[in-house]
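Here is a short briefing on how two chains meet. Look at the structure first, then read on.

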Protein chains: 2
Amino acid sequence: MEEKFAITDRTKVRRLRDRGCYDREAVYKILDEGLVCHVAYAEGDSPRVIPTGYVRMGDNLYLHGSTANHMLKMAIRGAELCVTVTLLDGLVLARSAMHHSMNYRSVVIFGRARAVQDPEEKLMSLEAFVEHVVPGRWADIRQPSETELKVTEVIALPLTEASAKIRTGPPIDDEEDYALDVWAGVIPLEIEAREPQRDARLDPSIKVPGYADEYKRLKVES
Amino acid sequence: MEEKFAITDRTKVRRLRDRGCYDREAVYKILDEGLVCHVAYAEGDSPRVIPTGYVRMGDNLYLHGSTANHMLKMAIRGAELCVTVTLLDGLVLARSAMHHSMNYRSVVIFGRARAVQDPEEKLMSLEAFVEHVVPGRWADIRQPSETELKVTEVIALPLTEASAKIRTGPPIDDEEDYALDVWAGVIPLEIEAREPQRDARLDPSIKVPGYADEYKRLKVES
């Protein structure tokens with residue numbers, strides 16, 4: 001695969017152009033850090049957007065759900081998808097109202113998905129999904145049964161048309177506003193894990209595993 | 001306005017029905033806690049979804065941006081919108097792979113927006129937006145100029161067709177899996193603010209305000 005995504009009419013960042021990024025590695029890094037994506041599809045003129053988990057494996061984004069899931073059904077029928085992953089990194093407090101902003105890293109992907117039929121690829125994508133969310137978890141849990149796999153739909157969206165949009169750094173104020181007596185800067189935001197809550201039906205002798213006890217949404221190095 | 005949203009074909013939660021919620025107060029509470037929404041619209045068959053800030057004021061959701069913003073232009077031309085706000089509350093670790101899940105609260109809204117022309121409503125919505133993101137900030141900052149207001153588009157989406165979807169609580173495992181020697185429970189996730197970063201050009205005598213120093217994304221009581 002090329003290191004850079006080709007810029008298309010849909011992925012080109014038009015306004016605030018320096019926020020646009022077409023670098024495959026940068027796009028994958030954002031995808032590997034996120035937990036939830038928003039998937040849009042159109043029903044005629046009527047748009048739909050739903051949040052769901054995902055995982056990137058190689059040059060594909062994998063989504064899964066029940067075989068009864070409407071979005072997955074539409075995708076398999078060939079509906080075009082637009083998938084966005086957004087990481088909110090901070091609140092940008094400027095000296096003037098209109099220069100307030102947010103620091104974020106987002107990815108947008110366009111394309112059509114294919115149903116994953118191959119049982120091995122299906123299972124691998126589900127393992128990758130669990131490991132994407134909680135690294136280390138897969139080895140501990142009961143694996144999917146044949147019946148469970150049968151009622152689970154997995155689709156793969158090729159990462160061929162995508163781009164990232166990134167805002168970092170301090171507020172950018174109008175030059176004359178820098179003299180104002182107003183605090184300005186950034187409030188960084190992070191996703192933080194709290195102490196794991198044991199299932200009430202759990203045997204008291206079962207200890208909380210390290211991957212849950214010290215869970216961190218790592219900024220994954222790709 | 002009615003306390004309950006009418007259930008429509010598009011807002012009805014079909015699978016896992018008990019997660020559906022049509023209560024106006026519950027929907028507003030989620031909207032008031034979130035910071036970023038995902039707005040979808042269709043360009044013919046081709047869906048688009050973009051992340052952006054928002055604020056709820058009364059029974060409307062307000063979005064704003066540059067007058068050059070494509071999504072806002074489409075909305076003003078009458079394009080149907082689908083807006084989703086998703087709050088991720090935790091990772092649900094079940095004993096079996098396929099019962100892993102996430103705790104979340106999400107809202108979906110359908111409708112067409114109107115351009116906000118009235119200068120007073122426009123200004124009020126921008127104030128509400130800043131106060132939604134950082135309560136207490138508006139009084140400290142330089143107010144929008146006439147020129148700034150002119151190049152800012154504000155749209156209002158009426159909250160008439162909406163629903164929430166909520167998952168809370170522990171994993172739900174298959175009965176026979178409860179005997180497995182596997183830790184199960186929930187890793188709660190929260191958005192946490194770090195220490196504010198001062199703008200490098202800020203006069204050292206200007207102290208960080210309390211609303212930035214002790215920023216918390218409050219679960220707003222509505």
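A rotation of 180° with 0.0 Å of shift along its axis lays chain B over chain A, at an RMSD of 0.0 Å (least-squares superposition on the C-alpha atoms of residues with pLDDT of at least 70 in both copies). The two copies are thus related as by a two-fold rotation axis. This is a predicted model: local features need pLDDT of at least 70, side-chain atom pairs count only at pLDDT 80 or more, and totals for chains, interfaces and linings use all residues. Residues are numbered from 1 along each chain as its sequence is written, while chains are lettered from A in the order in which they are written.

**Axis**
- In chain B, B:Ile191 has the C-alpha nearest the axis, 2.3 Å from it.
- The same surface serves both copies, as 99% of the contact residues of chain B recur in chain A.

**Contact surface**
- Chain B puts 76 residues in contact with 75 residues of chain A (contact: C-beta atoms, placed from the backbone, within 7 Å).
- Several elements of chain B each supply at least two residues to the side that touches chain A, including strand S2 (36–43), strand S6 (81–93) and helix H3 (119–133) (DSSP runs numbered from the N terminus: helices are H or I, at least four residues; strands are E, at least two).
- S11(B) gives the most to this side, with nine residues.

**Strand pairing**
- Strand S11 (residues 185–193) of chain A runs antiparallel to S11(B), joined by five bridges (strands pair if DSSP finds at least two bridges between them).
- A:Glu190 has B:Glu192 as its bridge partner in S11(B).

Key: Contact = placed C-beta atoms within 7 Å.
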